[in-house]
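Grab the model and work through these exercises with the viewer open. Try each task before you read the solution under it.

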Amino acid sequence: MTSQRHSDDALLDAARDCVVEVGVRRTTLTDIAKRAGVSRMTLYRRFPDVRTLVRALMTREFGALLRRVEEPGPDGANARECLVGRAIAGIRLLAADPLMRRVLDLDAELMLPYLVQRLGSTQRLVEAFLLSQIEAGHADGSIRPGDSAAQARLVLLTTQSMVLSVRPATTDLDFEALLAELADFLDAALS
């Protein structure tokens, strides 16, 4: 199992490098196989097409980013303060992520199904994280009573829109000023 996981990581690393270099549409399985130093058949056995590979890549990359923002909050912070701080940290990390930037710059239409048709696996991971944070806020009294699932979904949709709209949102406004307003907005909405 370890060698399989290592193999998958090497393939996903090669895919990330290709996507960051030329975008999703111009990335081919042949390019990825060449960069990973494996045969095309090895790659095809694990990932039948570029989209499947890119979905696995996004899940891995953004799952790792989520683990980075799950680190403990400041001492004495309540669950709402931790959730808001983690949401802002996550947006900051995603906005700076070369893979996310490249996808949004060159292949933004690939994100459309996850905005208008269904939630993807990465969105589900984030939502589960938010749900646990909201339930902790209900338990410590820092988040107003309400439907935890609905609250988590609204925080997901609100923060996701900031990530996807960073470029137009910051054409005439400071990114950090927007993040400060979003932090106040989330804090007030959850209080």
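**Exercise 1. Work out how many helices and strands the protein chain has, and in what pattern they follow each other.**

Solution. Keep in mind that we're working with a predicted model. Step one is the count: the protein chain has 11 helices and zero strands. Step two is the order, and reading along the sequence gives α-α-α-α-α-α-α-α-α-α-α. Step three, put a box around the C-alpha atoms: along the principal axes they fill roughly 55 × 45 × 30 Å. Finally, look at the inside and the contacts. Of the 191 residues in the protein chain, 40% are buried. Among contacts with a separation of 6 or more, 66% link residues 24 or more positions apart.

**Exercise 2. Describe how helix α5 packs on helix α9.**

Solution. Two packed helices are described by the angle between their axes and the distance between the axes. Start there: α5 covers residues 79-96 and α9 covers residues 148-164, and their axes come within 9 Å, crossing at roughly 30°. Angles under 35 degrees count as roughly parallel, so α5 is roughly parallel to α9. For the handedness, α5 passes α9 in a right-handed crossing. Now pick out the side that touches: α5 brings L83, A87, I91 and L94, while α9 answers with V155, T159, M162 and V163. Sorted by class, the residues of this contact are seven nonpolar, one polar and no charged.

**Exercise 3. Do the same for helix α4 and α5: which way do they cross, and which residues meet?**

Solution. Helix α4 spans residues 50-69, and its axis comes within 9 Å of the α5 axis, with a crossing of roughly 140°. Careful with the label here: roughly antiparallel needs an angle over 145 degrees, so α4 and α5 are oblique to each other. Their crossing is right-handed. On the α4 side you'll find F62, L65, R68 and V69, meeting R86, A89, G90, L93 and L94 in α5. The classes come out as six nonpolar, one polar and two charged residues. Notice that L94 turns up in the contact with α4 and also in the contact with α9.

**Exercise 4. Find out how many disulfides the structure holds, and decide whether C18 and C82 are buried or exposed.**

Solution. A disulfide is a covalent bond between the sulfur atoms of two cysteines. Check for such pairs and you get zero disulfides in the structure. Next, accessibility: buried means under 20% relative accessible area. C18 has 5% relative accessibility, so C18 counts as buried. C82 has a relative accessible area of 12%, so C82 is buried too.

Technical notes:
Residues are numbered from 1 along each chain as its sequence is written. This is a predicted model: local features need pLDDT of at least 70, side-chain atom pairs count only at pLDDT 80 or more; totals for chains, interfaces and linings use all residues. Side-chain values use heavy atoms; hydrogens and water are left out. Axes are lines fitted to C-alpha atoms, for helices over the stretch in contact, and angles run from 0 to 180 degrees between N-to-C directions. Helices (H or I, at least four residues) and strands (E, at least two) are DSSP runs, numbered from the N terminus. Angles under 35 degrees count as roughly parallel, over 145 as roughly antiparallel, 65 to 115 as roughly perpendicular and the rest as oblique. A crossing is left-handed if the near helix is turned anticlockwise from the far one by less than a right angle, and right-handed if clockwise. Contact means heavy atoms within 4.5 Å. Ala, Val, Leu, Ile, Met, Phe, Trp, Tyr, Cys and Pro count as nonpolar, Asp, Glu, Lys and Arg as charged, and the others, Gly among them, as polar. A disulfide is a pair of cysteine sulfur atoms within 2.5 Å. Buried means under 20% relative accessible area, exposed over 50%, partly exposed in between (1.4 Å probe, protein chains only).
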